[in-house]
Amino acid sequence: MGHSTVVIKGNKAGMSVYLDPMVPFEQLLADVAVKFRDSAKFWGSVQMTLSLEGRPLSPEQEFLVVNTITENSQIEILCLLDTNAERISRCEKALNEKLMELSERTGQFFKGDLDRGDTLESEASIVIIGDVGHGARVTAKGNIIILGELKGSAFAGAAGNDGAVIVALDMMPLQLRIGDHIQRAGDKGKRLAKGPAIAYAEDNAIYTKTLKKSLFSMLNFI
């Protein structure tokens with residue numbers, strides 16, 4: 001078999017795929033198909049960004065690679081990401097459009113930072129694109145998804161729903177509350193997990209664990 005012509009790596013925003021520059025493009029596509037078919041179970045059903053490395057690709061070739069990935073796995077590629085500033089802004093636009101589409105379904109969507117003294121309440125689940133600062137408070141009857149830092153207080157499942165979750169890109173809360181369960185982190189919020197994390201209630205306590213996959217796996221909780 002020799003060395004692998006297609007290497008998949010997870011990164012903070014999604015995945016990067018290294019493509020061997022020496023192999024004919026048609027063979028590379030076939031290798032991509034096999035690689036993603038083999039690892040489909042590992043990734044599961046997820047939405048993420050993709051960056052392609054290793055060789056220059058025309059827009060048409062990029063499309064063919066993305067298409068091959070999505071046809072051979074349950075991964076939905078929201079957009080391609082690279083160091084190109086225009087590409088990055090396109091990527092953010094695609095993510096925002098996806099979130100807007102979700103917010104139309106759920107009805108609750110807030111863009112901006114919450115600072116000390118700010119409170120936000122939702123009758124459903126809520127998505128916040130921004131940070132929840134020290135001294136700010138978010139309350140929702142459903143889940144709370146924060147695409148930023150949580151340094152203040154978050155109360156999910158406010159109608160007594162112990163199955164609600166709180167998800168944040170950076171989890172350093174002053175206080176977490178889910179249904180009837182409360183977890184205080186003292187005066188200064190300490191980081192409860194490395195990277196994106198989910199807090200959930202179980203056995204009369206609140207637990208936090210790192211979300212292994214990309215930021216887009218967070219969207220599954222909306």
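Is Thr139 buried or exposed? Thr139 is buried, because its relative accessible area is 13%, and buried means under 20%. Keep in mind as you look around that this model is predicted. Thr139 makes a handy starting point, since its place is in strand β8, and β8 is part of an open sheet of five strands. From there we can visit a second sheet, the nonpolar cores and a helix.

**Around Thr139**

- Leaving aside neighbours within four places in sequence, Thr139 is in contact with Leu120, Glu121, Ser122, Phe155 and Ala158.
- One of these contacts, Glu121, also stands opposite Thr139 across the pairing of strands.
- That pairing is between β6 (residues 119-122) and β8, which run parallel and are joined by four bridges.

**The five-stranded sheet**

- Reading across this open sheet, you meet the strands in the order β6-β8-β10-β12-β13, and the pairing is mixed.
- Which strands stand at the edges? They are β6 and β13 (181-184), and each has a single partner strand, so one side of each is left without a neighbour in the sheet.
- From one strand to the next, the twist averages 5 degrees.
- β8 and β10 run parallel, with three bridges joining them.
- Within that pair, Arg137 has Ser153 of β10 as its bridge partner.
- β12 and β13 pair in the antiparallel sense, over four bridges.
- Here you can find Leu176 opposite Gln183 in β13.

**The six-stranded sheet**

- Another open sheet has six strands in the order β5-β7-β9-β11-β14-β15, again with mixed pairing.
- Its edges are β5 (109-111) and β15 (205-210); each has a single partner strand, so one side of each is left without a neighbour in the sheet.
- Direction ignored, neighbouring strands of this sheet are turned by 20 degrees against each other on average.
- At one edge, β5 runs parallel to β7, and three bridges join them.
- Lys111 is matched there with Ile129, its bridge partner in β7.
- At the other edge, β14 and β15 run antiparallel and are joined by six bridges.
- Glu202 has Ala205 of β15 as its bridge partner.
- β14 and β15 form a hairpin with two residues between the strands, and Asp203 takes a positive phi near 50 degrees in this hairpin.

**A closer look at Ala201**

- Ala201 is found in strand β14.
- Ala201 counts as buried because its relative accessible area is 17%, where the cut-off for buried is under 20%.
- How many residues apart along the chain are Ala201 and Ile178? They are 23 residues apart, yet their C-alpha atoms are separated by 6.3 Å.
- Not counting residues up to four places away in sequence, Ala201 touches Asp162, Ile178, His181 and Ile206.

**The nonpolar cores**

- The largest nonpolar core has 24 residues.
- Which of its residues touch the most other members? They are Ile128, Val132, Ile144, Leu150, Ile166, Met171 and Leu176.
- The elements giving two or more residues to this core are β7 (126-129), β8 (137-140), β9 (144-150), β10 (153-156), β11 (165-171), β12 (175-178) and β14 (197-202).
- Not counting residues up to four places away in sequence, Ile128 touches Phe110, Gly112, Leu114, Leu120, Val138, Ile145, Ile146 and Leu147.
- Apart from this core lies another, of 23 residues, including Phe25, Phe36, Val65 and Leu80.

**Helix α2 and its two sides**

- Helix α2 covers residues 59-71, which makes 13 residues.
- From its first C-alpha to its last, α2 reaches 18 Å, close to the 18 Å expected at 1.5 Å a residue.
- The buried residues of α2 are Glu62, Val65, Val66, Thr68 and Ile69.
- Seen down the axis of α2, these buried residues fall within an arc of 160 degrees, so they line one face of the helix.
- A general rule helps here: an α-helix has 3.6 residues a turn, so residues three or four places apart point the same way.
- On the other side of α2, you will find Pro59, Glu60, Phe63 and Glu71 exposed.
- Val65 links this helix to an earlier topic: Val65 is buried in α2 and is among the residues of the 23-residue core.

Key
Residues numbered from 1 in each chain as written. Predicted model: local features only at pLDDT ≥ 70, side-chain atom pairs only at ≥ 80, totals over all residues. Heavy atoms only, no water. Expected span 1.5 Å × (residues − 1). Buried < 20%, exposed > 50% of the residue type's maximum accessible area, 1.4 Å probe, protein only. Arc of directions from axis to C-beta. Core = buried A, V, L, I, M, F, W, Y, C linked by side-chain atoms within 4.5 Å. Contact = heavy atoms within 4.5 Å. Pairing = 2+ DSSP bridges. Axes fitted to C-alpha atoms, helices over the stretch in contact; angles between N-to-C directions.
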